[in-house]
Amino acid sequence: MEAPTKRSRMRRLRGWISSRFARFPGAPAHPPEVRSNSRRSGGWFSFRLSDKSKGGHHRTFRGAPDFYRLAVESLNEYALITMDKTRVISSWSGPAARMFGYTEAEIIGQNVTMLFTPEDIAKGIDKQEFVEALKKGRQDDERWHVCKDGRRLWCYGLSFPLKDESGDVRGFVKLIRDDTIRKNKDELLRDNEERLRLAGDSTGLGTWDYDVAKQTLTLSKRAVELFDLGNEAKSVGLEQFLQVVDPEDRPTVVEKLEHCLAIDSRCYEDMEFRIPMRSGDIRWVLTKAAAFVDGPGRQQAQPDRLIGTVIDVTERRRKRIEALDVKQELETKVKDRTSQLMDANKELETFAYSASHDLRAPLRKIAAFSHAVIKSAEGKLNAEEQGYLATIREAAGKMQGLIDDQLRLAQVTRKPMAIADCDLSKIARAAIDELQKSEPERRVEIVIAGDARARGDCELLAIALGNLFANAWKFTGKHPTARIEFGVTTIGNDPVYFVRDDGAGFDMQFAHKLFGTFQRLHPEEEFPGTGVGLGLVERIIHRHNGRVWAKGGVEKGATFFFTLNTEA
Amino acid sequence: MSQNLLFVDDDSGDVQLTLLGFRLQKFEPQVVVAKDGKEALDILISDCEASRPLPLAILTDIKMPRMDGLELLRRVKGEPRLRAIPIAILTSSDHEADRKEALGLGANCYFMKPSDLDAYAEIVSRIRAMMETGSEREAVKDSSHPSR
């Protein structure tokens with residue numbers, strides 16, 4: 001127990017401090033003893049600012065007491081407290097007042113114990129701290145302290161004894177930094193880590209962390225399991241890790257890791273590879289890795305860490321492959337069927353062609369022999385008998401016409417496309433000239449657009465246009481005068497060609513029947529024909545990937561439109 | 001009878017019709033009928049070897065068993081002793097490729113078999129002309145070899 005005079009003198013030491021905070025908190029473990037008259041000692045300095053008991057004036061070291069006081073007061077994050085040997089507070093810096101809420105008047109003369117939590121007090125930590133400081137020269141610790149309003153602050157503290165010139169302990173200095181925010185952050189981080197671990201556990205996700213410098217992977221329990229590293233391994237060398245990867249996949253894994261670790265790579269790599277397990281099974285894992293660069297110059301530096309996740313994708317992969325197999329099987333089936341269908345179609349076409357062809361000879365003979373009978377029996381047959389023979393000839397002739405049309409249809413379908421630039425205006429002109437020559441007496445106004453051109457098979461397009469004009473020519477035949485027009489308009493940016501007439505037209509409700517082969521919308525007696533012409537047109541336009549349609553009305557004429565999307 | 005025509009067709013109906021067509025046009029040469037190209041070629045070769053007179057013209061179908069009309073045409077034009085005989089094609093094939101090939105191989109004309117007997121008028125007139133050329137050729141040959 002010290003004498004009261006000495007204690008009161010200590011109290012008056014308020015504002016006089018001997019501090020070592022220049023390197024706080026990373027100070028050497030054993031700082032040199034504080035000497036009140038020593039100026040500097042390897043970056044540490046000691047000072048005594050004032051002693052009012054001696055002449056009521058501050059005795060200043062080197063005459064600069066305010067400088068040190070200012071220094072102490074400006075250390076906003078650090079509270080500086082001095083105590084006498086019994087831990088009674090003798091000085092209380094501004095930051096200490098702000099941190100704990102006590103004014104100087106309230107705290108000076110109080111025991112420092114009031115800043116400790118009841119739990120720590122119960123354990124005697126409030127006293128123990130200073131016993132240790134005395135013993136070791138300093139005492140670092142982290143603990144909760146209590147403010148005036150009851151709030152708790154997580155503080156880092158450094159306590160050390162304050163000695164006079166003769167080496168006698170005169171009290172203690174405690175430097176306190178409020179680390180509550182960092183503590184909260186650490187706890188948040190720990191919470192997040194825990195949450196991540198739980199998430200990983202519940203989803204079967206493993207995590208790992210690769211330290212580039214140490215070439216070591218630190219793995220979560222789940223990651224250890226997934227990589228089949230054995231239960232003990234929590235940390236493995238890169239080489240050891242690569243050993244568990246299937247040799248076939250290893251080069252890819254190494255390549256991807258190297259890519260991740262390259263300078264400037266801000267990579268995020270996915271790696272799917274096999275782990276041949278000790279059980280003999282093969283496990284497929286999916287690993288995602290992200291590169292991290294610590295420290296300054298983050299943008300340019302080489303990553304010093306990779307962190308990643310790992311998940312078992314064996315089942316997912318199996319299902320994917322199964323799905324792929326099913327898809328492939330379906331595709332193969334569709335392909336096969338399509339090919340079969342195409343073959344059947346081709347066969348059918350060939351059959352239609354050869355059947356048509358083969359039918360021609362007997363039909364020709366029916367017609368020719370009927371003719372022969374008429375010729376050789378001239379004068380011997382009565383009118384009725386001659387009529388029968390004429391009907392046989394006519395019927396055979398008509399059938400021949402149908403067969404010829406069927407052959408023409410087959411021909412436009414089978415003919416290889418010879419794509420070129422076609423002058424449709426010229427083709428149209430030639431087609432209409434033919435028709436005019438066949439019936440020069442007809443009065444038909446012809447309008448042909450000047451420069452209609454298109455890519456296509458010119459021969460086929462000539463057949464199509466020829467049929468459209470023949471159609472227009474035929475269905476205007478009952479009118480004393482007529483007008484037939486060939487022109488180009490557009491839908492969007494695409495050209496649409498058309499042949500328009502002002503003839504008999506058709507009922508729009510039967511428009512869908514127009515292009516049907518051998519379909520007719522008018523009685524044959526009125527407008528002769530087999531009904532194949534528009535079927536031919538449609539086949540030719542379809543072979544040019546185009547579309548053909550018609551608009552019209554009964555006795556209001558008809559317009560046939562078509563587009564061409566020829567692939568060159 | 002010097003007006004000798006070799007007619008090659010496997011279809012007896014067509015042979016009959018053609019001969020009727022000829023008759024109606026008052027064209028009745030001595031016609032030798034062969035059922036296909038092979039038979040026709042055999043006749044021609046044996047005529048050559050026996051130094052018998054060759055036909056003044058050949059009228060042949062295209063589609064026939066064993067040897068078709070185009071092959072017959074090729075063989076005839078490839079045989080120096082037969083090369084000069086004019087050949088007409090009478091077929092039901094309207095294939096442009098057939099027509100081109102026949103004319104390319106040296107056929108003198110190409111007809112489609114008609115269903116109208118009146119259409120034989122043109123066929124007959126062309127064959128007549130061909131046979132006249134053939135008989136002129138024979139006459140030249142005969143005069144240059146009076147010993148034969």
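1. Start with Asp11(B), in a model that is predicted. This residue sits in the loop that links E1 to helix H1 (12-24) of chain B. Is Asp11(B) buried, partly exposed or exposed? There are 17 other C-beta atoms within 10 Å of Asp11(B), and 20 or more would be needed for a buried residue, while 12 or fewer would make an exposed one, so Asp11(B) counts as partly exposed. As a landmark, look for Lys63(B): its C-alpha atom is 10.0 Å from that of Asp11(B), although the two are 52 residues apart along the chain.

2. Now step back to chain B as a whole. Its elements run β-α-β-α-β-α-β-α-β-α from the N terminus, which comes to five helices and five strands. The chain has 148 residues, and 35% of them are buried. If you take the contacts in chain B with a separation of 6 or more, 69% are between residues 24 or more positions apart.

3. Helix H3 (residues 69-78) of chain B is a good one to look at down its axis. Its buried residues are Gly69(B), Leu70(B), Leu72(B), Leu73(B) and Val76(B). Why do they line one face of the helix? Viewed down the axis of H3(B), they fall within an arc of 160°, so they sit along one face. The general background is that an α-helix has 3.6 residues a turn, so residues three or four places apart point the same way.

4. What do those buried residues of H3(B) pack against? The partners in chain B are strand E1 (4-8), helix H2 (37-49), strand E3 (57-60), strand E4 (87-91) and helix H4 (96-104).

5. Chain A has 568 residues, of which 28% count as buried. Its secondary structure comes to 15 helices and 20 strands. For contacts in chain A with a separation of 6 or more, residues 24 or more positions apart account for 55%.

6. Where do the two chains touch? Eleven residues of chain A are in contact with ten residues of chain B. On the chain A side, helix H11 (residues 314-376) gives the most, with ten residues. That side of chain A divides into five nonpolar, two polar and four charged residues.

7. Elsewhere in chain A, have a look at a helix pair. Helix H14 (residues 458-475) and helix H15 (residues 533-543) of chain A pack at an angle of about 145°, and their axes are 9 Å apart. The crossing of H14(A) and H15(A) is left-handed. On the H14(A) side, the residues that meet H15(A) include Leu460(A), Leu461(A), Ala464(A) and Leu468(A). On the H15(A) side, Leu536(A), Val537(A), Ile540(A) and Ile541(A) are among them. The residues of this contact divide into eleven nonpolar, three polar and one charged.

8. The same region turns up in the largest nonpolar core, which has 41 residues. Which of them touch the most other members? They are Ala464(A), Leu465(A), Phe469(A) and Ile540(A). Elements of chain A that each supply at least two residues of this core include helix H12 (383-414), helix H13 (424-438) and strand E17 (481-491). H14(A) provides the largest share, ten residues. Leaving out residues up to four places away in sequence, Ala464(A) touches Leu536(A), Val537(A), Ile540(A) and Ile541(A).

9. A second, separate core has 37 residues, including Leu6(B), Val8(B), Ala57(B) and Leu70(B). Leu70(B) is also one of the buried residues of H3(B). In soluble globular proteins, nonpolar side chains tend to be buried together.

10. Two loop residues of chain A deserve a look at their backbone. Most residues other than glycine have a negative phi. Gln215(A), however, has a positive phi near 50°, and Asp228(A) has a positive phi near 55°. Gln215(A) is in the loop between strand E8 (206-211) and strand E9 (216-219) of chain A. With 12 other C-beta atoms within 10 Å, Gln215(A) is exposed. Asp228(A) is in the loop between helix H8 (221-226) and strand E10 (235-237) of chain A, and is partly exposed, with 16 such atoms within 10 Å.

11. Last stop: Tyr156(A), in strand E6 (residues 152-163) of chain A. It is partly exposed, with 18 other C-beta atoms within 10 Å. The C-alpha atoms of Tyr156(A) and Tyr78(A) are separated by 9.5 Å, and these residues are 78 apart along the chain.

Key
Residues are numbered from 1 along each chain as its sequence is written. Chains are lettered from A and ligands numbered from 1 in the order in which they are written. This is a predicted model: local features need pLDDT of at least 70, side-chain atom pairs count only at pLDDT 80 or more; totals for chains, interfaces and linings use all residues. Helices (H or I, at least four residues) and strands (E, at least two) are DSSP runs, numbered from the N terminus. Two residues are in contact if their C-beta atoms, placed from the backbone, lie within 7 Å. Ala, Val, Leu, Ile, Met, Phe, Trp, Tyr, Cys and Pro count as nonpolar, Asp, Glu, Lys and Arg as charged, and the others, Gly among them, as polar. The arc is that of the directions from the helix axis to the C-beta atoms. Axes are lines fitted to C-alpha atoms, for helices over the stretch in contact, and angles run from 0 to 180 degrees between N-to-C directions. A crossing is left-handed if the near helix is turned anticlockwise from the far one by less than a right angle, and right-handed if clockwise. A nonpolar core is a set of buried Ala, Val, Leu, Ile, Met, Phe, Trp, Tyr and Cys residues joined through C-beta atoms within 7 Å.
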